[in-house]
Amino acid sequence: MSDPRLRRMAQVLVRYSLGLKQGDRFAITATPLAASLVRELVQEALRVGAYPETFITLPNVQETFFKEGSDDQLRYISPGFRAVVEEYEAMIEIAADENTKILNSVDPSRLAVLQSARSDLMQTFMRRSFENALRWCTTLFPTNAFAQDTGLSLHDFEDFVYRACFLDEDDPVARWEELSRQQEKYVQWLNGKHTVHLLGPDTDLSFSIDGRVFVNCDGRRNFPDGEFFTGPVEDSVNGYIRYTFPASYQGRSVEDVRLRFENGVVVEASAAQGQNYLEALLGIDQGARRLGEFAFGNNPYVDRCTRNILFDEKMGGTVHLALGNSIPESGGVNQSALHWDMVCDLRAGSEIRVDGELFSKDGKFVIKP
């Protein structure tokens with residue numbers, strides 16, 4: 001029997017997050033484990049007159065692809081995937097893994113080949129997203145694999161996911177709109193400011209946000225959501241930072257990442273685990289060594305590390321800074337095939353100053369916008 005919260009989730013995703021309209025071509029990417037959510041999404045999309053299309057990926061196929069495919073095969077972009085990015089009006093990607101470690105034994109350079117080949121298409125995706133020509137959302141269907149990574153039973157993890165999505169609320173959309181209004185006050189205060197300085201354990205990093213815009217993320221492109229972000233001025237980042245949460249990308253995790261920047265470029269990079277993978281992704285292209293995003297996490301119900309960036313980057317009291325491609329809405333101009341969010345926990349022994357004024361201390365906002 002399907003969890004009734006899935007129907008509510010589909011309704012919010014279709015009508016609020018994606019704002020599907022009659023005639024929209026709508027791509028749904030998932031694994032078979034998310035079949036119950038996919039069915040609800042298809043039904044809701046049909047009710048608004050959209051044209052849903054499903055792209056189902058099978059377990060272990062991705063591992064086989066990276067291990068057995070030639071470089072030419074890794075670089076190949078299917079016409080179907082290209083059409084979704086270049087032509088469709090809406091898309092959703094549902095993470096629903098049965099094994100989150102499936103790519104751990106894959107040579108990092110193989111992953112880098114695929115990412116590099118999709119660089120131009122990523123720029124098209126960012127441009128169409130900025131123009132609102134392509135509305136997209138990323139979400140997660142609870143599975144045993146995700147629950148185990150979080151240290152919870154599947155039942156408890158389901159409760160955690162749906163609570164973080166505000167699906168236990170009487171009116172989830174109204175709750176997302178309430179969070180949006182709260183975040184917008186901080187966004188308006190930050191816009192027009194010039195410098196940010198992060199101070200915390202093993203972290204002393206400063207950069208410029210002059211001329212950049214903070215963007216309010218309120219459940220439309222990520223689900224759950226709860227952050228506000230900008231793009232640091234590309235050559236302004238100086239200092240060092242320690243990312244205490246695991247940094248995952250394409251199914252691979254890197255532990256305890258430490259980076260040092262000079263004039264915007266990563267000049268030193270180390271990891272307690274996954275050093276080769278870190279170096280491989282930093283070498284994808286020139287833009288991979290620069291920051292494309294800086295953001296504050298602000299979801300009140302994400303209160304633990306899940307080892308999944310969709311949730312971890314939304315945790316209140318944290319910030320995340322992404323290596324690689326900028327998001328156009330922020331005014332950032334860095335280009336890369338990479339966009340790798342990494343989370344820095346600033347909930348204790350830390351402060352964030354904006355133009356010299358204390359903005360946050362020990363993970364709590366202290367300014368009154």
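This section describes a five-stranded sheet, a helix that lies across part of it, and two internal cavities in a predicted model.

The sheet is open and antiparallel, with its five strands arranged in the order β7-β9-β14-β15-β16. Strands β7 (215-217) and β16 (339-345) form the edges, each pairing on one side only. Direction ignored, neighbouring strands of the sheet are turned against each other by 25° on average. Within the sheet, the antiparallel strands β14 and β15 are joined by five bridges; L291 has L323 of β15 as its bridge partner. Helix α10, comprising residues 172-190, lies across β7, β9 (227-230) and β14, and runs at about 165° to β7.

A search of the whole structure yielded two cavities of 30 Å³ or more. The largest cavity holds about 60 Å³ of space. Its lining consists of F296, G297, G317, T318, V319, L346, I352, S360, G363 and F365. Two elements, β14 (291-297) and β15 (318-324), give two or more residues to this lining. By class, the lining of the largest cavity comprises five nonpolar and five polar residues, and no charged residues.

The second largest cavity contains about 30 Å³ of space. The residues lining this cavity are P246, A247, S248, R307, N308, I309, D312 and D341. At least two of the lining residues come from each of β11 (247-249) and α12 (309-312). Three charged residues are present in the lining of the second largest cavity, together with three nonpolar and two polar residues, whereas the lining of the largest cavity has no charged residues.

Notes: Residues numbered from 1 in each chain as written. Predicted model: local features only at pLDDT ≥ 70, side-chain atom pairs only at ≥ 80, totals over all residues. Heavy atoms only, no water. 1 Å grid on protein atoms, 1.4 Å probe; cavity = no way out; pocket = protein on both sides within 12 Å on 5 of 7 lines; lining within 4 Å. Points joined across faces, edges and corners; volume = space filled by probe spheres on them. Helix = DSSP H or I, 4+ residues; strand = E, 2+ residues; numbered from the N terminus. Nonpolar A, V, L, I, M, F, W, Y, C, P; charged D, E, K, R; others polar. Pairing = 2+ DSSP bridges. Axes fitted to C-alpha atoms, helices over the stretch in contact; angles between N-to-C directions. Contact = heavy atoms within 4.5 Å.
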